[in-house]
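Let's take a walk through this one together, starting from a single side chain and working outwards. Keep the viewer open as you read.

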Amino acid sequence: MSSLQFNAVLLEISNQLSAEQLDQIKFLCRDMITKRRLETIDTGSKLFDALTERGRLGADNKEYLCVLLREVQRHDLSEKLNRFESQTGSTDNQPDDEEKAKLDIATEVISENLGKSWRKLGRKLGLTDVKLESISKRHPTELEEMAVELLKEWRKIRGAEARTEELIKALRACQYNLTADKVEHKLATR
């Protein structure tokens, strides 16, 4: 996603926030932004600048803003940010077709077998706690969907470097050997 496209989405979100919602988000950010700076913020775009300066917002770091938007009951804007990201996803940063097929098989097997321990695998794969919490809130009662989202996020982060071997290694590191064996078996018999 280009910087211009990302900023355009942020501007659109800023324009759709009410003054009350902006105040609520500012309240949620008071531990990271000084009181003096918060007093000067009167638009969403100024708040987004402050979050960017503190490393909490960027084209590759949207999770924190998504959480803030959901906290002020603007799930629509959070989804807009997530949807925009998926619509503009670059296809040149993807594994080859063979590896994609293997990753799809692995995703299917893992999502069917992972269960409540999906966060442990997410941490082993390098996802942030904010991203894991975001996944949890999107699918609070559906463990399989949480696992699918987790693997989708990991694939997005790893891009062309995503490999099934890395998933199997992470499963074994988490002591999910049976699931790792099932992935290997399914890949061998495809």
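Does glutamate 53 count as buried or exposed? Glutamate 53 counts as exposed, with a relative accessibility of 55%. Keep in mind that you're looking at a predicted model.

Exposed or not, glutamate 53 has company. Its side chain meets that of arginine 37 in a salt bridge, at 2.7 Å from N to O. Look at where the two partners sit: glutamate 53 belongs to helix α4 (residues 44-53) and arginine 37 to helix α3 (residues 35-40), so the bridge links distant parts of the chain, 16 residues apart. Arginine 37 comes out as partly exposed, at 23% relative accessibility; the cut-off for buried is under 20%. Glutamate 53 also forms a salt bridge with arginine 54, and here the closest N and O atoms are 3.7 Å apart. Arginine 54 has a relative accessible area of 31%, so that residue is partly exposed too.

Now for a pair in another setting. Lysine 131 and glutamate 153 form a salt bridge, with 3.1 Å between the closest N and O atoms. Lysine 131 lies in helix α9 and glutamate 153 in helix α10, so this bridge ties together parts that are 22 residues apart in sequence. What about cover? Lysine 131 has a relative accessible area of 5%, and because buried means under 20%, lysine 131 is buried. Glutamate 153 is buried as well, at 6% relative accessibility. The story doesn't stop at two residues: salt bridges with shared partners join Glu63, Lys131, Glu153 and Lys156 into one network. For the wider count, the structure holds 19 salt bridges.

Next, turn to the charges on the surface. Which residues form a negative surface patch? That patch is made of Glu108, Glu112, Glu142, Glu144 and Glu145. Helices α7 (97-113) and α10 (143-158) are the elements that give two or more residues to the patch. Glutamate 142, for its part, lies in the loop between α9 (129-138) and α10. Why can glutamate 142 be part of a patch? Patch residues need over 30% relative accessible area and no salt bridge, and glutamate 142, which is partly exposed, has 43%. Across the whole chain there are 33 positive and 34 negative charges, and their mean positions are 4 Å apart.

Finally, zoom out to the fold. The chain has 12 helices and zero strands, so in DSSP terms you'll be stepping from helix to helix. Along its principal axes, the C-alpha trace spans about 60 × 35 × 25 Å. Of the 190 residues in the chain, 44% count as buried. As for contacts with a separation of 6 or more, 60% of them are between residues 24 or more positions apart. The accessible surface of the chain comes to about 10500 Å², and carbon and sulfur atoms account for 48% of that.

Key
Residues numbered from 1 in each chain as written. Predicted model: local features only at pLDDT ≥ 70, side-chain atom pairs only at ≥ 80, totals over all residues. Heavy atoms only, no water. Helix = DSSP H or I, 4+ residues; strand = E, 2+ residues; numbered from the N terminus. Buried < 20%, exposed > 50% of the residue type's maximum accessible area, 1.4 Å probe, protein only. Contact = heavy atoms within 4.5 Å. Areas by Shrake-Rupley, 256 points an atom, 1.4 Å probe, with all protein chains shown as cover. Lys, Arg positive; Asp, Glu negative; His and termini not counted. Charge placed at Lys NZ, Arg CZ, Asp CG, Glu CD. Patch = residues over 30% accessible without salt bridge, like charges linked within 9 Å, V, L, I, M, F, W, Y side chains within 5 Å. Salt bridge = Lys/Arg side-chain N within 4 Å of Asp/Glu carboxyl O.
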